[in-house]
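Q: Could you give me a close look at one part of this model, covering how its helices pack and what lies in the loops beside them? Please state the cut-offs behind each term as you go.

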Amino acid sequence: MNNKYKQSILHNEIEDFLLGKGKYFVMDRDRGEHDSTDIYSEILEYYLLEGENYELTEKNIIKILKTKKDISGEDLLQLLGILWSYFVHSFKGDKKLKKEWKISKELKDLFIKNIETLNFNNIETYNNIKWIIINLKRKYNFDMSLSNDEFI
């Protein structure tokens, strides 16, 4: 099986993969933008086949949030979607994911900092990020409240 996440790791293309850039861009024909579900499916498949190594994913998300100078709202939405996908699959009745991802305070703080400092040009992206943050707290008790409590 040719897992795209594994290939991105082997070819040092993890940032492109996680953000759905370059050869990892998959067109959503209905919306005319990147289909993030492909990325989430590949990550989930990798966890199930190779062992659940959330530390690798977290390390690379942290690296992107710390070093990417031109991070966009769409990038943040894509990365938040990875967390969302983890929670959705780990809390399903079938319990496919066995290992808990102990999401670090550093990762949460970097998400919050990037969201608070970004000037959103796209209200739909902003609303999607808001929806994820509200529902992470509401459905999974995972609090990513911003310092101004804007999304609570």
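A: The account below takes the helix contacts first and the loops afterwards.

This is a predicted model, in which local features need pLDDT of at least 70 and side-chain atom pairs count only at pLDDT 80 or more, whereas totals for chains, interfaces and linings use all residues. Residues are numbered from 1 along each chain as its sequence is written, and side-chain values use heavy atoms, with hydrogens and water left out.

Helix 5 spans residues 73-90, and its axis comes within 10 Å of that of helix 3 (residues 36-50), the two crossing at roughly 50 degrees. Helix 3 is therefore oblique to helix 5 (under 35 degrees counts as roughly parallel, over 145 as roughly antiparallel, 65 to 115 as roughly perpendicular, and the rest as oblique). Axes here are lines fitted to C-alpha atoms, for helices over the stretch in contact, with angles running from 0 to 180 degrees between N-to-C directions; helices are DSSP runs of H or I with at least four residues, and strands are runs of E with at least two, numbered from the N terminus.

The crossing of helix 3 with helix 5 is right-handed, the near helix being turned clockwise from the far one by less than a right angle, where anticlockwise would be left-handed. On the helix 3 side the contact (heavy atoms within 4.5 Å) involves Ser36, Ile39, Tyr40, Ile43 and Leu44, which face Leu77, Gln78, Gly81, Ile82, Ser85 and His89 of helix 5.

Helix 5 also packs with helix 7 (residues 123-140), at an angle of about 25 degrees and with axes 10 Å apart, so these two helices are roughly parallel to each other. Their crossing is left-handed. Among the helix 5 residues in this contact are Leu77, Leu80, Gly81 and Trp84, and among those of helix 7 are Asn128, Ile132 and Leu136.

The loop between helix 4 (54-67) and helix 5 holds lysine 68, which counts as buried because its relative accessibility is 18% (buried is under 20%, exposed over 50%, and partly exposed in between, with a 1.4 Å probe and protein chains only). Apart from neighbours within four places in sequence, lysine 68 contacts Glu15, Leu19, Lys63 and Asp75.

Lysine 98 lies in the loop between helix 5 and helix 6 (105-117), and with a relative accessible area of 67% lysine 98 is exposed.
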